[in-house]
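Work through the exercises below with the model open. Each task is followed by its solution.

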Amino acid sequence: MQGSIQKRVGKRGVTWTAVVDLPPDPLTGKRRQKRLSAPTKREIEQRVAEHIQAVARGAAADRGKLTVAQFVARWLDSLDGVAPATRRRYADLLRLHALPQLGSRPLGQLSPLDLQQLYADRKAAGLSPTTLALLHNVLHRALQQAVRWDLLARNPAERVQAPRPRAPEPRVWDAAQLARFLAAADQTPDAALWWLACTTGMRRSELLGLHWADVDLDRGTLSVHHARKRGAGGRWELGAPKTRKGRRQLALSPRVVAALRQHRARQRALRLAYGAAYQDSGYVFTTDDGRPLHPNTLQARYRRLIAAAGLPYLPLHGLRHSYATVALASGEHPKIVQERLGHSTISMTLDRYSHVTASMQREAAARFEAVLAQAAAQPRVTNS
């Protein structure tokens with residue numbers, strides 16, 4: 001760090017000033033300086049020394065006029081390796097719930113009390129515990145970056161009582177409702193898609209990103225390698241599954257294999273009918289002329305199918321939850337369910353479907369008690 005000290009003589013007498021260099025702005029790379037003043041040379045030298053020590057301790061001696069809103073905008077721009085949908089989710093959370101209250105505050109003055117008050121106010125306004133917890137996580141991540149950029153000495157989000165998420169019980173259909181849905185699906189060209197969704201728990205993005213090259217009907221398996229998600233600029237594009245564990249191989253039931261064979265035969269007939277106008281995208285689920293199926297089109301077909309089956313409305317993602325719930329309730333090992341869903345850990349599966357595991361525990365307790373009762377009823381053998 002460099003600086004200069006100068007003596008100035010004016011109408012009010014002698015003053016000493018110093019201009020010291022600050023570390024470059026970590027967001028823009030521009031040079032920054034700070035001006036100090038004191039009535040004597042000794043005092044100005046002391047102030048310069050104190051300033052240098054403060055910066056060396058990472059105390060962010062000059063945070064400038066950067067507001068929380070300005071910092072958030074630059075932080076969002078700097079995010080790397082984050083899916084566009086996640087970036088939008090972060091931006092919406094901060095824009096709707098944090099910046100109206102904190103956006104104009106200088107970043108350097110942000111305190112743990114400010115954040116605690118924000119969470120209390122948002123909770124009073126009706127924000128769910130899950131969304132509050134996510135808001136805290138996003139703020140913590142952003143402010144931790146401010147610390148790394150020397151804009152803050154400490155992360156104020158580390159010193160607040162973090163909101164606790166309360167995951168709602170997922171909405172699901174039971175086995176009878178799933179069977180009713182699939183019976184109606186068998187009367188549509190999309191039967192194979194719905195059988196896959198209900199028997200594997202694949203996400204919508206994974207179903208729409210599935211290629212025929214990923215399917216082995218002879219072996220009765222498919223590999224999840226891709227997902228079609230909304231990308232930059234709102235365009236739908238092919239990317240990786242949601243998590244590392246999302247890359248997985250799934251065994252298919254004979255009924256699903258049969259549905260996929262019928263689907264492939266229909267798709268080949270359409271290719272011949274359209275001739276040169278057919279656009280062979282390689283996807284399993286497409287429009288009649290071979291183009292990738294748009295998520296909005298799939299959603300519209302799903303709604304019509306629910307109405308035809310006479311079932312209560314369930315979000316499309318609810319098919320995934322329904323598969324997991326029915327599988328666990330039928331006695332499937334949670335580890336298998338975790339692997340088929342592509343969850344990162346088995347604890348995530350057990351936590352998400354705790355409404356099922358609670359009944360499983362009651363059944364396990366009853367079975368164990370029955371074993372003890374059976375053992376107690378056995379005649380005792382004594383050595384003569």
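**Exercise 1. The open sheet**

Find the strand order of the open three-stranded sheet, and decide which strands stand at its edges.

Solution. This is a predicted model. Start with the order: it reads 4-5-8, and the pairing is antiparallel. Next, take the edges. Strand 4 (215–216) and strand 8 (248–251) each have a single partner strand, so one side of each has no neighbour in the sheet. Now inspect the pairing of strand 5 (residues 221–224) with strand 8: four bridges join them. Within this pair, L222 lies opposite L250 of strand 8.

**Exercise 2. The largest nonpolar core**

Identify the residues that touch the most other members of the largest nonpolar core, then trace which elements supply it.

Solution. The core holds 41 residues; F181, W194, L196, L260 and L319 touch the most other members. Elements giving two or more residues include helix 6 (175–185), helix 7 (191–200), strand 5 and helix 9 (254–274). Helix 7 gives the most, eight residues. Now take W194. Beyond four places in sequence, its contacts include F181, L182, Y302, L305 and L319. Another core lies apart, with 31 residues, among them Y90, L93, Y119 and A157.

**Exercise 3. Helix 5**

Compare the span of helix 5 with the expected value, then find what its buried residues pack against.

Solution. Helix 5 (residues 129–148) has 20 residues and reaches 29 Å, close to the expected 28 Å. Its buried residues include L132, L135, V138, L139 and L143. The buried residues pack against helix 2 (68–78), helix 3 (84–102) and helix 4 (112–124). Just after helix 5, D150 has a positive phi of about 65°.

Methods
Residues are numbered from 1 along each chain as its sequence is written. This is a predicted model: local features need pLDDT of at least 70, side-chain atom pairs count only at pLDDT 80 or more; totals for chains, interfaces and linings use all residues. Side-chain values use heavy atoms; hydrogens and water are left out. The expected span of a helix is 1.5 Å times one less than its number of residues. Buried means under 20% relative accessible area, exposed over 50%, partly exposed in between (1.4 Å probe, protein chains only). Contact means heavy atoms within 4.5 Å. Two strands pair if DSSP finds at least two bridges between them. A nonpolar core is a set of buried Ala, Val, Leu, Ile, Met, Phe, Trp, Tyr and Cys residues joined through side-chain atoms within 4.5 Å.
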